[in-house]
Amino acid sequence: MLELGPLEGGHSYLMQNGGAKQITAIEANSRSFLKCLCIKQILKLDRVEFQLGDFMAYLEQKPPAVDLVLASGVLYHMQEPLKLLQHIAAISPRAFIWTHYYDADVISQRPELQPKFGTIETITHNGMTYQCARQSYQDALEWAGFCGGSKPTSRWLTRASLEQALGDFGYTDLCYAFEQPDHPNGPAVAICAQR
C-alpha cells in the first residue's frame, strides 16, 4: 500500500491494524514527518515505512505497483491534481481519496470562502477537458503550523471533473462516503475507486 501525506500517521495506524502487510507513507512536511516517526515508535508500526519527501517526485519515478493508494487530504492541495490522479491510476487498481472539491453554488453562499477562489476555469489534460478553480491559501501560509499546501495556490476540481478524471484514468467503480457539502473548509467527499 502507498499512503500520500500521512500527516501524523493516523491512517497508517488504522491500515496496519486492519491487516496491511506493508505500507509506504510519504510526507513532505518535516514536522509532520517527525510526528509520524514518534507514532511509529509509540504504536509499534512495524509494517509502516515513513519517508520524508515529495510524493509527486516519487510517483514520477514510476514506482512498483501497489494494491491501494490512500490519498486523504492531499488532492485539493495540488496545483496539478489531474497529474496526481493519473500517477495513482498508473500504479494501483484501487484508490481511496478524501478531498475538497469546487462547487460554485456552495462557495457563492459562503462569504468566508469566496475570497479564496478564482473563477472556474477549463484545463486540458491528455486531450480531455476538466473544470477547476484556483484556490489561494492567503493568510494560512503565515500560520506557525502547517496549512497543508507547499505552494501559495492549488486547484480544486469540480466534483463532476473529479469523477470524470477517475473514469478517464480507468476507474470504473466509484463508491462515495462522508459527503459534506457544508464542510467548514469547503465541500468534501471520500471516494473509493477501483477497476
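Select A71 to begin: this residue is buried, with a relative accessible area of 1%. Buried here means under 20% relative accessible area, exposed means over 50%, and partly exposed is in between, using a 1.4 Å probe and protein chains only. The model is predicted, so local features need pLDDT of at least 70 and side-chain atom pairs count only at pLDDT 80 or more, while totals for chains, interfaces and linings use all residues. Residues are numbered from 1 along each chain as its sequence is written, and side-chain values use heavy atoms, with hydrogens and water left out.

**Around A71**

A71 sits in strand β4. Strands (E, at least two residues) and helices (H or I, at least four) are DSSP runs, numbered from the N terminus. Now show the contacts of A71, where contact means heavy atoms within 4.5 Å. Leaving out residues up to four places away in sequence, A71 touches L4, I88, F96, I97 and W98. For a view across the model, add D105: its C-alpha is 26 Å from that of A71, and the two residues are 34 apart in sequence.

**The nonpolar core**

Next, select L2, L4, F55, L84, L85, I88 and L166. In the largest nonpolar core, which has 33 residues, these touch the most other members. A nonpolar core is a set of buried Ala, Val, Leu, Ile, Met, Phe, Trp, Tyr and Cys residues joined through side-chain atoms within 4.5 Å. The elements giving two or more residues to this core are β1 (2-4), α3 (55-60), β4 (69-72), α4, β5, β7 (128-136), α6 (159-168) and β10 (188-194). Helix α4 gives the most, with six residues.

Stay on L2 for a moment. Beyond residues up to four places away in sequence, L2 touches T24, I26, Y58, L59, V66, L68, V69, L70 and I91.

**Helix α4**

Select residues 81-91, which make up helix α4 and include H87. This helix is mostly covered, with eight of its eleven residues buried. Color P81, L82, L84, L85, H87, I88, A89 and I91 to see the buried residues of α4. While turning the helix, keep one rule in mind. An α-helix has 3.6 residues a turn, so residues three or four places apart point the same way.

Is H87 buried or exposed? H87 counts as buried because its relative accessible area is 17%. Among residues more than four places away in sequence, H87 touches M56, L59 and E60.

**A cavity and a pocket**

How many cavities of 30 Å³ or more are there? The count is one. The search runs on a 1 Å grid over the protein atoms alone: a cavity is a set of points where a 1.4 Å probe fits but cannot get out, a pocket is an open set with protein on both sides within 12 Å along at least five of seven lines, and lining residues have an atom within 4 Å of a point. Grid points are joined across faces, edges and corners, and a volume is the space filled by probe spheres set on the points.

The largest cavity holds about 40 Å³ of space. To see its lining, select L75, Y76, P81, T99, H100, Y101, R155, W156, L157, T158 and L162. Two elements give two or more residues to this lining, β5 (94-100) and β8 (153-157). Strand β8 gives the most, with three. By type, the lining has seven nonpolar residues, three polar and one charged. Ala, Val, Leu, Ile, Met, Phe, Trp, Tyr, Cys and Pro count as nonpolar, Asp, Glu, Lys and Arg as charged, and the others, Gly among them, as polar.

Move on to the second largest pocket, whose volume is about 180 Å³. Select M1, L2, A20, K21, Q22, T24, Y58, P64, A65, V66 and D67, which line this pocket. Its lining divides into seven nonpolar residues, two polar and two charged.

**Cysteines**

The model has zero disulfides, a disulfide being a pair of cysteine sulfur atoms within 2.5 Å. C38 is in no disulfide, and the nearest cysteine sulfur, that of C36, is 9.3 Å away. C38 is partly exposed, at 46% relative accessible area. Why is C192 without a bond to C175? The sulfur of C175 is the closest cysteine sulfur to that of C192, but at 6.3 Å it is too far for a bond. C192 is partly exposed, with a relative accessible area of 38%.

**Two positive phi angles**

Last, select L7, in the loop between β1 and α1 (10-17). L7 is not a glycine, yet has a positive phi of about 60°. At 42% relative accessibility, L7 is partly exposed. Then go to F178, in strand β9 (residues 173-180). F178 is also not a glycine and has a positive phi of about 55°. F178 counts as exposed, at 61% relative accessibility.
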